[in-house]
Amino acid sequence: MIAVPFIYFSLLCLYFVWKHKRFEAASWLSFLYAVSALASIPVHSTGMMELVYEIKADEGIGVVPTFIYCALLTLSILPFSAVHSEKIKKIDDCKPWLFQCVSWLFIVTFFITVLVYVKDLKDVLTGDALKTVRDMVYAGENEIQSTGIRYYMGLMETLFSALAMLAIPFFFYSLCFTKNAWWFNALLLLSSSTSIVKSILIAGRTQIVYWVFIFVACYLFFAHLIKPKHKHIIRIVFGGFAGVVLLFFAAVTAARYHDLAELAYQMLLLYIGEPFVMFCHFWDNFSGSDFSLQRILPFTHKFLMGMDIDLELYRDRVYSQTGFFIGVFFTFLGDLLIDIGRLGMMVYVFLYHGVTRFFLRREREDVMPFYQILLWFLFILLPLEGLFYYSFHTVRMSYYVIETILLVFLFKYRFRLFHRNQEEADKIT
């Protein structure tokens, strides 16, 4: 059974390529899950799971969890195939003034974030700081304290750093449908890396991986609308960025496993390949923890119910109740299984599928309203970032959801600050 997800998602990827006559977002999602599934084969067969998590090679792979895993992930991917992005010729109803305001919000947030943390960035990226910082993170001792003007400037990063990822589809729209200057587009793309700046401070790699995932997904969505000369430039820029990412990955990994190159390789393989194996293991063996919406609705719990969210305390509580350590990668399905149970996980995915299909419907196949780009981007993050875990568990991501919904309303509807009386209306007409 261990090879079934790799075969299935590889075939699903090929099906989407055949259906859409090109490699697009649904193909990309299927490809990522196929790669993860491929890595799960050596992870499982070489006993790596037993070495790290004490899971024996003959445990955790059953017919039922394999079917559930493939079926629910397929339901999560299908809405993005139904969009038929290759048929889109025009993105309509973008308010230019609002587009410019939001774009400058992204850009200003990026530069203020760099300004606030420039000293910390310099400290982390020099000497042996990467290893020290990462050790402190795992020990829970790397809380960055800001006071005075630095604290107030840092509020922009707190409120808008998650939203900054939205600068990626803004960049592609600007490139395809506006006459904005090249430097504006460059700044817009640069501003999408705001969340990466903060992640560097903890020697983290997740936000960088997510940025790559998201950039590729957006590129594939807009690919048929991008001019050939722009495609060439994007590939060069992305290639350079990918090189920097690999260097940073190598530096962080070397800092954590210096003088243990083989172990570093094995741990990287484990991170990529453990999601399927761990999901099956938890499906077969996990039972017990309380039904909890804390990670599914973090904003509600923190600001309406007054309950602070501490992921480490939550993990410790689950461990004390069940004996299972949940700080692992088992896709977003695994996190849902832990929090709301097997039935709740399935209901969540079916609702997600239905809601996504409903809100991404459009009247004409060749025209997409601009606000739907924002919704497409919001919905695709669940399976895209969910390759590892449920990424919407933080208050920071709640800000992103709320701010995106607000932008959807602003771009979709026209609001009047005042109403003309009948006499003024008659004069105009």
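This section describes the overall fold, one helix pair, one enclosed helix and two individual residues. The model is predicted.

The protein contains 19 helices and two strands. Of its 429 residues, 51% count as buried. The exposed surface comes to about 21,200 Å². Carbon and sulfur atoms supply 66% of that area. Contacts were also sorted by sequence separation. Among those between residues at least 6 apart in sequence, 81% join residues at least 24 apart.

Two packed helices are described by the angle between their axes and the distance between the axes. Helix H4 spans residues 63-82, and helix H16 spans residues 331-359. Their axes come within 10 Å and cross at roughly 30°. H4 is therefore roughly parallel to H16, because angles under 35 degrees count as roughly parallel. The crossing of the two helices is left-handed. On the H4 side, the contact is made by Ile68, Tyr69, Leu72, Leu73, Leu75, Ser76, Leu78, Pro79, Phe80 and Ala82. H16 contributes Thr331, Phe332, Leu333, Met345, Met346, Val349, Phe350, Tyr352, His353, Thr356 and Arg357. By residue class, the contact of H4 with H16 comprises 16 nonpolar, four polar and one charged.

Helix H8 covers residues 167-177. Ten of its eleven residues are buried, so H8 is largely enclosed by the rest of the structure. The buried set begins with Ala167, Ile168, Pro169, Phe170 and Phe171. It continues with Phe172, Tyr173, Ser174, Leu175 and Cys176.

Histidine 20 lies in helix H1, which spans residues 4-20. Its relative accessibility is 2%. Histidine 20 therefore counts as buried, since the cut-off for burial is under 20% relative accessible area. Its contacts were examined with neighbours within four places in sequence left aside. On that basis, histidine 20 touches Ser81, His84 and Glu86. Ser81 falls within the residue range of H4, 63-82.

Arginine 205 sits in a loop. That loop joins helix H10 (194-200) to helix H11 (206-222). Arginine 205 has a relative accessibility of 13%, so this loop residue also counts as buried. Valine 245 is 40 residues away from arginine 205 along the chain. The C-alpha atoms of arginine 205 and valine 245 are separated by 8.8 Å.

Conventions: Residues are numbered from 1 along each chain as its sequence is written. This is a predicted model: local features need pLDDT of at least 70, side-chain atom pairs count only at pLDDT 80 or more; totals for chains, interfaces and linings use all residues. Side-chain values use heavy atoms; hydrogens and water are left out. Axes are lines fitted to C-alpha atoms, for helices over the stretch in contact, and angles run from 0 to 180 degrees between N-to-C directions. Helices (H or I, at least four residues) and strands (E, at least two) are DSSP runs, numbered from the N terminus. Angles under 35 degrees count as roughly parallel, over 145 as roughly antiparallel, 65 to 115 as roughly perpendicular and the rest as oblique. A crossing is left-handed if the near helix is turned anticlockwise from the far one by less than a right angle, and right-handed if clockwise. Contact means heavy atoms within 4.5 Å. Ala, Val, Leu, Ile, Met, Phe, Trp, Tyr, Cys and Pro count as nonpolar, Asp, Glu, Lys and Arg as charged, and the others, Gly among them, as polar. Buried means under 20% relative accessible area, exposed over 50%, partly exposed in between (1.4 Å probe, protein chains only). Accessible areas come from the Shrake-Rupley method with a 1.4 Å probe; for residues, only the protein chains shown count as cover.
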